[in-house]
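Let's look at how two protein chains meet in this model. Keep the 3D view open while you read.

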4 protein chains.
Amino acid sequence: MLERLKEEVLAANLDLVKHGLVIHTWGNCSGIDREQGLVVIKPSGVPYSEMRAEDMVVTDMDGEIVEGSKKPSSDLGTHLLLYTAFENVGGVVHTHSEYATAWSQAARPIPPFGTTHADYFYGAIPVTEELSTFEIKGDYVHNTGLAITRRFRTLDPDAIPGVLVAGHAPFAWGTDAHDAVHNAVVLEAVAKMAWVTLQINPNAKQVSQSLLDRHYFRKHGENATYGQ
Amino acid sequence: MLERLKEEVLAANLDLVKHGLVIHTWGNCSGIDREQGLVVIKPSGVPYSEMRAEDMVVTDMDGEIVEGSKKPSSDLGTHLLLYTAFENVGGVVHTHSEYATAWSQAARPIPPFGTTHADYFYGAIPVTEELSTFEIKGDYVHNTGLAITRRFRTLDPDAIPGVLVAGHAPFAWGTDAHDAVHNAVVLEAVAKMAWVTLQINPNAKQVSQSLLDRHYFRKHGENATYGQ
Amino acid sequence: MLERLKEEVLAANLDLVKHGLVIHTWGNCSGIDREQGLVVIKPSGVPYSEMRAEDMVVTDMDGEIVEGSKKPSSDLGTHLLLYTAFENVGGVVHTHSEYATAWSQAARPIPPFGTTHADYFYGAIPVTEELSTFEIKGDYVHNTGLAITRRFRTLDPDAIPGVLVAGHAPFAWGTDAHDAVHNAVVLEAVAKMAWVTLQINPNAKQVSQSLLDRHYFRKHGENATYGQ
Amino acid sequence: MLERLKEEVLAANLDLVKHGLVIHTWGNCSGIDREQGLVVIKPSGVPYSEMRAEDMVVTDMDGEIVEGSKKPSSDLGTHLLLYTAFENVGGVVHTHSEYATAWSQAARPIPPFGTTHADYFYGAIPVTEELSTFEIKGDYVHNTGLAITRRFRTLDPDAIPGVLVAGHAPFAWGTDAHDAVHNAVVLEAVAKMAWVTLQINPNAKQVSQSLLDRHYFRKHGENATYGQ
């Protein structure tokens with residue numbers, strides 16, 4: 001079942017490695033079939049070099065395995081919550097990519113310092129609150145998702161397709177698994193450039209609202225014209 | 001038409017990828033045929049891996065497509081303005097290369113801290129003024145070019161073949177597309193080294209005028225002797 | 001003798017190069033056969049490109065060569081001491097990997113700023129005391145091992161499989177040679193991210209004890225469930 | 001003539017590229033035949049990908065071309081002076097490698113923060129004085145060499161096989177061309193790690209004299225035992 005989605009999710013996971021976003025087996029990507037309400041996610045602990053489409057795990061929205069002989073990624077619970085809360089999301093990525101993780105550990109949102117950022121993220125890339133001991137000791141993976149969705153109560157996940165989990169690492173999402181990887185790559189590049197920007201000029205200014213509008217809306221919405 | 005220039009422009013665009021200056025499809029390069037008044041530029045949104053010479057777009061100096069089935073790069077308007085204002089320029093490059101972009105976001109000119117810089121740029125690499133809301137809401141791409149040419153009113157584009165657009169990213173140029181890429185690569189290296197230089201010594205001194213002269217004129221002008 | 005262990009140790013040494021942890025011939029990895037009380041270690045001064053399993057050197061716990069025509073790595077004495085002091089350790093790695101070495105040179109422990117760290121190291125990665133002139137002039141390599149074991153008097157080497165030797169570089173260990181390399185790769189990644197974290201936020205907070213517990217124990221001990 | 005030395009010098013120049021120390025055609029390496037008093041150096045302006053042994057240029061100690069159809073590297077004058085002043089040197093390398101160049105631009109010596117440094121450089125890696133306008137306007141390349149040898153009046157070039165030219169970039173040397181490249185690679189690694197060390201701990205301590213002695217003399221002199 002869902003053979004095409006499995007191929008997509010496999011390819012997206014391998015792309016994470018190709019783009020240098022993962023070390024060892026850290027990082028995972030999933031995709032959703034909204035009609036059937038099924039998620040396809042990377043298996044747990046399988047080396048990337050040996051991973052095949054049939055190793056992908058199919059689960060329902062409660063995390064019950066529908067097909068697959070492997071265990072699903074241990075971050076499945078967070079993915080499921082994001083799919084549930086963010087209705088236009090078709091793919092979710094989690095990595096420990098170096099610079100985005102550093103911002104997560106620093107517990108600082110990434111300010112929109114330039115058009116690279118503005119082309120993809122319509123405002124700062126937010127950081128969640130630190131999880132409480134209660135949340136950590138409870139259903140930790142699910143609660144990580146809750147910390148994200150709580151942070152997005154007043155934000156639009158379609159306009160800001162990524163988040164930093166405080167003391168942890170980034171999640172990114174998109175219209176499908178491939179697009180989620182694309183955004184995860186951008187998030188990492190933006191994270192690195194924002195760090196260097198602040199090193200050069202600790203008082204660097206965020207771009208203006210009009211520049212945010214210009215760049216975001218040339219790529220998104222009805223009047224999109226983009227393509228460098 | 002302009003088959004040779006198309007090959008050159010294609011090769012230059014692929015070189016941007018090879019030198020690690022672009023992520024995804026960010027970045028673009030063009031070349032001009034001054035006699036015919038025609039510009040050849042990278043198409044919009046075509047993956048580098050599939051790009052062929054016949055995909056290059058030929059436009060006149062008003063941006064009207066003369067040949068080509070694809071849309072031209074969305075930054076065409078800036079390229080055209082640079083060709084119009086800088087009469088010796090034969091090729092233009094725009095990238096979001098990491099370190100030069102960080103300086104652009106920091107809105108700080110890159111000081112000439114050493115001979116690497118001085119061999120290519122005869123003084124600091126300037127940064128434009130921030131675009132006004134009016135300029136952003138108007139013909140943004142064209143106005144980006146105007147911000148650059150305004151910055152060069154008192155500068156020589158032949159002696160300083162690159163610029164940082166504030167809150168955006170660098171443009172570089174040269175005698176042809178290949179030379180523009182060469183300068184874009186140097187700009188990125190110089191940007192990285194200047195950042196580290198300041199980290200090591202926040203009071204680092206710029207090179208003296210005599211060193212600027214020595215290095216610049218051994219590579220440029222009548223008495224050039226250079227070649228390491 | 002110990003042909004299988006030699007193959008393992010060779011593969012682990014080559015993995016150090018593949019992961020970018022070594023320059024020239026810096027770095028070395030060993031493995032132990034606890035039953036026979038024999039250690040297999042990289043030979044000294046043999047280029048990685050020419051290294052074969054039969055070049056690995058077998059020594060007893062006193063460092064006497066039991067088999068092998070090459071000299072053992074000059075750091076053998078430190079490896080032997082770690083095997084003697086840390087009874088569950090099956091493999092030891094020493095590198096001069098850039099970021100972990102920088103922390104060693106800075107003589108600062110690496111604080112646990114995030115879950116990447118917490119998944120592998122149950123607390124800060126400690127740094128030894130500086131060796132005294134007496135220790136340096138004496139049996140330096142052995143004394144380096146003593147400085148490490150002294151630092152671990154109140155620490156559990158199974159929960160913190162790595163250390164920074166002040167003014168020198170890191171050692172890491174694991175259940176076997178392969179696992180030691182795995183931990184050395186993580187140590188380097190954690191060292192880089194911790195540096196960037198502090199650059200972004202000099203007051204970055206360490207993760208809470210409950211997060212340390214959560215991440216560490218999902219990978220270690222009876223209730224381990226991990227595998228991304 | 002000197003076919004073997006030409007092969008060595010070619011290989012050493014290509015190694016500079018392989019180790020990531022050069023961009024474009026920046027950087028050059030030479031070797032000397034002390035008996036014949038002849039130097040073999042990289043030609044000027046030939047792309048690395050097309051360089052062949054017969055392109056290497058042979059000159060005498062005054063810089064007169066003895067064999068070769070190409071122009072010698074424009075830095076020849078500095079190489080010649082180093083061979084004249086430092087009698088045990090068999091190979092010289094000049095690069096604009098990123099981190100060593102940043103230290104040169106910062107005009108700061110690289111302190112010996114750890115054993116990686118101490119294994120190769122017996123003390124800080126020195127930086128020359130800035131060249132005067134008079135020196136720059138005169139025989140600049142030769143005067144660059146003089147600035148280096150002046151800096152080494154009280155230093156031993158055999159114990160410290162490299163230098164930072166202020167506002168310019170590093171030179172390194174060794175017993176032959178290959179060894180000079182080896183030391184240039186170490187200098188770059190040491191430069192990067194020293195920068196990060198200072199970022200982590202601005203008050204990082206230099207290693208003790210006894211550690212400098214221990215590491216330097218285990219690799220150099222009569223009692224050398226080294227080989228990791």
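Start with the polar contacts: in this predicted model, chain A and chain B share 18 residue pairs in polar contact, with both residues at pLDDT 80 or more. On the side of chain A that touches chain B, α4 (115-118), α7 (177-200) and α8 (209-219) of chain A each give two or more residues. Of these, α7(A) gives the most, with 12 residues.

**Who sits at the interface**
- Sort the residues on chain A's side by type and you get 14 nonpolar, 14 polar and 4 charged.
- Counting contacts, 32 residues of chain A are paired up against 35 residues of chain B.
- Putting these two chains together buries about 3000 Å², and carbon and sulfur atoms give 53% of that area.

**Salt bridges**
- How many salt bridges cross from chain A to chain B? The rule finds 2.
- A:K192 and B:E98 form a salt bridge through their side chains, with 2.8 Å from N to O.

**How the two copies are related**
- Turn chain A by 90°, with 0.0 Å of shift along the axis, and it superposes on chain B with an RMSD of 0.0 Å.
- The two copies are therefore related as by a four-fold rotation axis.
- Which residue of chain A comes closest to that rotation axis? It's A:Q199, whose C-alpha is at 5.6 Å.
- The copies use different surfaces to touch each other: 6% of the contact residues of chain A recur in chain B.

Technical notes: Residues numbered from 1 in each chain as written. Chains lettered and ligands numbered in written order. Predicted model: local features only at pLDDT ≥ 70, side-chain atom pairs only at ≥ 80, totals over all residues. Heavy atoms only, no water. Contact = heavy atoms within 4.5 Å. Buried area = accessible area lost by both parts, 1.4 Å probe. Salt bridge = Lys/Arg side-chain N within 4 Å of Asp/Glu carboxyl O. Polar contact = N/O pair within 3.5 Å; in protein donor to acceptor, adjacent residues only side chain to side chain. Helix = DSSP H or I, 4+ residues; strand = E, 2+ residues; numbered from the N terminus. Nonpolar A, V, L, I, M, F, W, Y, C, P; charged D, E, K, R; others polar. Least-squares fit on C-alpha atoms with pLDDT ≥ 70 in both.
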